[in-house]
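Trainee: Can we go through this one together? I'd like to start with the strands and then move to the cores.

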Amino acid sequence: MTVEVLMPALSPTMEEGTLSRWLVKEGDEVKSGDVIAEIETDKATMEVEAVDEGRVGKILVEEGSEGVKVNAVIAVLLEEGEDESALKDAGKAKKESKSSDEPSESKKNGKDDGDDSDADEDADSAGKSTSGRSSKDAGKGKDPKRSSSKSDGSRLKASPLAKRMAQLEGLDLSDLEGSGPNGRIVKRDVEAALKGGAPKAAAKDAAPETKAAPAKSEPGKISVASLNLEEGTYEVVPLDGMRKTIARRMTASFRDVPHFPLNIDLELDALLKLRSELNAKAPEGVKVSVNDMLIRACALALTSVPESNASYTDEGLVLHKHADVAVAVAIDGGLITPVIKKAETKGLAKIASEMKDLAARARERKLKPEEFQGGTFSISNLGMMGIKSFASIINEPQGMILSIGAGEKRPVVKNDALAIATVMTVTLTCDHRVVDGAVGAKFLAALKPLVEDPVTMLL
Amino acid sequence: MADSQFDLIVIGGGPGGYVAAIRASQLGMKTAVVEREHLGGICLNWGCIPTKALLRTSDIYHLFQRAEEFGLKAEKVSFDIEAIVKRSRKVAGRLSGGVGGLLKKNKVTVIDGEAKLEKGSKAPKVVVKGKDGKSATYEAKHVILATGARARTIPAAGLEPDGKTIWTYKEAMVPEAMPASILVIGSGAIGMEFASFYSTLGAKVTVVEMVDRILPAEDEEISQFAKKSFEKQGLKIITKAQVEKLETGKAGAKATIKVDGKSEVIEVEKVILAIGITGNVENLGLEALGVKIERGHVVTDGYGATGVSGLYAIGDVTGAPWLAHKASHEGVICVEKIAGLDVHPMDKSNIPGCTYCHPQIASVGLTEAKAKEAGHEVRVGRFPFVGNGKAIALGEDQGLIKTVFDKKTGELLGAHMIGAEVTELIQGYVVARQLETTEAELMHTIFAHPTLSEMMHESVLDAYGRALHY
Ligand SMILES: Cc1cc2nc3c(=O)[nH]c(=O)nc-3n(C[C@H](O)[C@H](O)[C@H](O)COP(=O)(O)OP(=O)(O)OC[C@H]3O[C@@H](n4cnc5c(N)ncnc54)[C@H](O)[C@@H]3O)c2cc1C
């Protein structure tokens, strides 16, 4: 029998999502627990783990596909001894699962399909996700999040509320031991786990093997036990989707990308002056920030040095035709990088208003995947927090990221005399595989006059 | 020298105490209950049960008055207050006797007399003064205090019963004659039940309440709904009112009430004090043992432990909510903990509360306001009795079922009901809460037709914009 991998529901209201990345190829062997793909919704990026062992027979949904329906078959695993001929059935299975997943129930119950008031929308999706879940429960542990079965295959006893909460928070219930009747996992267990009150099961498993723990834990996984901490002296905050994504992407980038930093000082007085003049004359509601001006300046510099607006691939250097500038925005529990697309084509007012909207929605975690994915270049600004200079980690697959420090009055030498100027240090981190030192320097050389003589960026 | 040795002695034979004793006995403990007055406590003798018997009479009387509406003829309907009271006492007596039988069957020793505690080694010693005035000392490994509570009084404001004109629930339960007018001070469950009873039987009833709404523990919408219903029945309700003075004379009582800064005088035949409950913590020797008492109640942890070795407390003596089922459940938790079973402290938000006035009121969990205060984003469902076939067939089309869900998790945070039989309906939601169902399971539950309970389904559906019949 082939094993179908289904599109998981990351939240009860999720109906579809974007399959952003495959981490396996057809033919790869996978073990239960291996991360095989990444799924994105409006809220988060999550990993899909393989539940069964096998070989990836066929990938049915290409990476980057948007609007993949929950419970659609996204790939087929071949079990030991099976060959590609087994795949013939896969298509059929796909159709079947599609029709059984189609929740006609919610359509019937929805009072009025045409009415897309908030309540109706949610009500419909609530109906859908319930039926979706129950069909998954029937799917013999195919649920990639394993919310209905323990890893040892026994049925997982948990209250509906506990399951819902776990799903919302990306917690794997099979790691918990329930405190309810007959070991049922109830709300308080999930709350305790989320608070880091050491899920009982984990604590129990770890305790007798504290010393052996590092050896026992899966390769590449860092366990709490491996820190050898005294009990009661710490608390564990569970990893949410965003944290997992940050951890994985940054580790990969720092490990795999040959980084190097370049820094220069930029004088800001003219830019600040221009900014206040612009804002004084700007229409109601438009307020241009220093950051907005830097976005525009970078976009122009990127277009004037096209070889710096690039990504590395093994097949060749990808030169981007537009400057899609990603801007790191710190939000509760992490950060996200909304993208100003084709920033070189946009004026300051447009950039300012787009940025304002994106940042606000980013803080509410309401960005659509296409709004924070992609980007050909990034800006990270910690100047407002008083950081003088820093070097960011490359946001793959981009070739460069610019780290912006605080603007401050500093002594400078002008015409052989000491003078005071508002100066800011910026650091460009480059991926040496695609941006060499000279190319980076050329980009900075293009950026400097745009910032220091900012009228040029208005052209 | 101790006269006898027990594993557990429970002081007080109310729903807290006798249930704890039975559970202990089931778990193999040698158990005794000390009771000074009546097995079954306030609940069976002067609380839950006899009031329900009285309210049954007033409900039937109310229906008699609506006989024509149902195609019946009932002429010259009248009542005999003496017979009403007699029935209520008989019901109480029957159940109190039943508790004696239950304890015997479970081999629990019943010790008649008033208990006091003295310092002991592992647990305090229990000294019982019998009806004959003789004292005996008992020792046990564990002692549970379940001495209950009584009506709160405020003598300084004249809010003190005299047994004749100013009553507490005890006197109000056994009237010798039907008063023409009554002032009920306090609009909690006890106050509203008596107000409803006397008003239905024809007394002119005024209720005064200190805060801005009656039944202040309930959801605001339910309070408002209740107020309108009562006013339609002819009750007078004065909120934000403080009783400043209460004087008694030959004809009755004169109450000076301050409302909105103005004083108002109300003259009535009888006054019922329903201004709260205070724990029976006196004359037990608790101070000497160092038991912590706050605002008239013994302070305990989630399992009833008082902090004094071997001494526990459960039920009304430990504070709100003052409900029989809370007392019993605390008793079970306390005993199971003592026995070393795997138990959890009670989740107070899963304790249902019922008021048996007309219309009835029942609730569990958080009110909408409390839910928001606690930081929940909520979804609220409502379903009115007018949309329910059974309610209309019963001639009970006035009422409301309100549900409050957490928008994110779908947790049923609270349910609030007013109308016919809601005290029987609420249990459906209590089970749902205990099992931690979300809106999804409730939506997929099949409710029998035609029943009032269908409204519980509709209220849930309404919270998600999917109500079918309204
Ligand atoms: C009018 C009225 C109506 C009510 N209606 C309801 C209702 O509908 N639903 C509901 O859930 N609750 C109702 N209650 C509340 C309910 O009666 C109490 O919550 C319940 O009785 C508390 O049980 P308990 O075991 O803690 O205490 P109690 O029932 O008060 O029992 C305590 C017992 O301890 C005995 N005792 C006290 N001190 C000593 C001592 N030193 N030695 C020996 N014995 C002692 C007392 O005699 C008493 O029998 C009502 C109360 C009143 C007054």
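Trainee: What stands opposite B:Glu118 in S5(B)?

Mentor: B:Lys125 does. This is a predicted model, where local features need pLDDT of at least 70, side-chain atom pairs count only at pLDDT 80 or more, and totals for chains, interfaces and linings use all residues. Residues are numbered from 1 along each chain as written, chains are lettered from A and ligands numbered from 1 in written order, and side-chain values use heavy atoms, without hydrogens or water.

Trainee: How many bridges between S4 and S5 of chain B?

Mentor: Five, with residues 114–118 antiparallel to residues 125–129. Strands are DSSP E runs of at least two residues, helices H or I runs of at least four, numbered from the N terminus; pairing takes at least two DSSP bridges. A hairpin of six residues joins S4(B) to S5(B).

Trainee: And which residue has a positive phi in the hairpin of S5(B) and S6(B)?

Mentor: B:Gly133, near 90°, with five residues between the strands. S5(B) and S6(B) (residues 135–145) run antiparallel over four bridges.

Trainee: Cores now. Which helix gives the most to the largest nonpolar core?

Mentor: That core has 55 residues, with A:Ile295 and A:Val325 among those with the most contacts inside it. Helix H10 of chain A (residues 290–304) gives the most, nine residues. A nonpolar core is a set of buried (under 20% relative accessible area, 1.4 Å probe, protein chains only) Ala, Val, Leu, Ile, Met, Phe, Trp, Tyr and Cys residues joined through side-chain atoms within 4.5 Å.

Trainee: Any other core to look at?

Mentor: Another core, of 35 residues, lies apart from it and includes B:Trp46 and B:Leu235.

How values were computed
Buried < 20%, exposed > 50% of the residue type's maximum accessible area, 1.4 Å probe, protein only.
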